[in-house]
Amino acid sequence: MRKRTAAAAMLMIAGVLTGASPPERPDFWKAPAAPEREPPDNVPRALRLPGIRHWHYILRGVPQAYADARSTAPRTAATIETGGRLYKVHCAACHGPEGLGADVSTQSLLPSPSLLAFLVQKPIAVDEYLLWSIADGGRQFDSGMPAFKDTLSREEIWKIIAYMRAGFPETGK
Ligand code: HEC
């Protein structure tokens, strides 16, 4: 027993003296660079589609045009009022008057229109994420979400966002 311990110690010392290093081991914690990763394809299509925008944002962020964009809408009642009016005209038909879904015709879209009342409460719903989703729409994801960048100004989009974050209140108009 003693002999074996002594031999092991000798080998270790020899290793240190000759500069031999232990074999390389893969780094299990190092994630591959983001652009190589895709949403998991072992998820059924019906589950995969609603998540694809979120995946895309987490892995790739938003296009340069929206990066770090911050709302410029003043935090006033007038902002919410205008936002509400625009929401009714442009968004309610698909997302519902309170952001909780509209009638059955739009629910048959795949993915179906998001429940915006919930979405705006989630951590992902930062300014640049919402601006990008609304301005560019869902063509790149093959979804029915229209692009609004040619219909609404950025200022108007910020006002709609303010309205949604205020909890879709009655605005009277
Ligand atoms: C023709 C139906 C339709 C209209 C009109 C529409 N949307 Fe959408 N919207 C969708 C669908 C379908 C999705 C889900 C697919 C996607 O994310 O592209 C969606 C997704 C979104 C998302 C991303 C939600 C998420 O889960 O991350 C936001 C934000 C959004 N819509 C806001 C709006 C706003 C604001 C308006 C009005 C200016 C609007 N939408 C008008 C159909 C619509």
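Colleague: Between which two helices does the loop holding Asp-68 lie?
Modeller: Asp-68 has its place in the loop between α2 and α3 (77-90). Keep in mind that this is a predicted model.

Colleague: What is the sign of phi at Asp-68?
Modeller: Read the backbone angle together with the residue type. Phi of Asp-68 is positive, near 60°, and the residue is not a glycine.

Colleague: And peptide bonds: is the one from Leu-110 to Pro-111 cis or trans?
Modeller: Omega is the angle to read. For the bond from Leu-110 to Pro-111 it is near 0°, and the bond is cis. Pro-111 is found in the loop between α5 (104-107) and α6.

Colleague: On to the ligand. Which pocket is the space that it takes?
Modeller: The space taken by the ligand is the largest pocket. Elements giving two or more residues to the shell are α2 (45-60), α4 (92-95), α6 (116-119) and α7 (127-136). Helix α7 gives the most, with four residues.

Colleague: How many residues surround the ligand, and which are the closest?
Modeller: A residue counts here if one of its heavy atoms lies within 4 Å of the ligand. There are 24 such residues, and the closest are Cys-91, Cys-94, His-95, Tyr-129 and Met-145. By class, the shell has 14 nonpolar, nine polar and one charged residues.

Colleague: Which distances should I read for polar contacts to the ligand's oxygen atoms?
Modeller: Look for N or O pairs within 3.5 Å. Take Tyr-129: a polar atom of its side chain lies 2.4 Å from a ligand oxygen. For Arg-53, a polar side-chain atom is 2.7 Å from an oxygen atom of the ligand. For Ser-114, a side-chain N or O atom is 3.0 Å from a ligand oxygen.

Colleague: Now the iron atom of the ligand. What are its protein donors?
Modeller: Look for N, O and S atoms within 2.8 Å of the metal. The protein supplies NE2 of His-95 and SD of Met-145, at 2.0 to 2.1 Å from the iron.

Colleague: What is the geometry of the iron site?
Modeller: Read the angles among the donors. The iron has six donor atoms, with angles of 87 to 180° among them, and its site is octahedral.

Colleague: Why does the pair His-95 and Met-145 tie together parts that are apart in sequence?
Modeller: Place each donor on the chain. His-95 lies in helix α4, and Met-145 lies in the loop between α7 and α8 (154-165), so the pair ties together parts 50 residues apart in sequence.

Definitions and conventions: Residues numbered from 1 in each chain as written. Predicted model: local features only at pLDDT ≥ 70, side-chain atom pairs only at ≥ 80, totals over all residues. Heavy atoms only, no water. Polar contact = N/O pair within 3.5 Å; in protein donor to acceptor, adjacent residues only side chain to side chain. 1 Å grid on protein atoms, 1.4 Å probe; cavity = no way out; pocket = protein on both sides within 12 Å on 5 of 7 lines; lining within 4 Å. Sits in = over half its atoms within 2 Å of the grid points. Nonpolar A, V, L, I, M, F, W, Y, C, P; charged D, E, K, R; others polar. Donors = N, O, S within 2.8 Å, 3.2 Å for Na, K, Ca; no water. Tetrahedral: all angles 85-135°; square planar, octahedral: opposite > 155°, others 65-115°.
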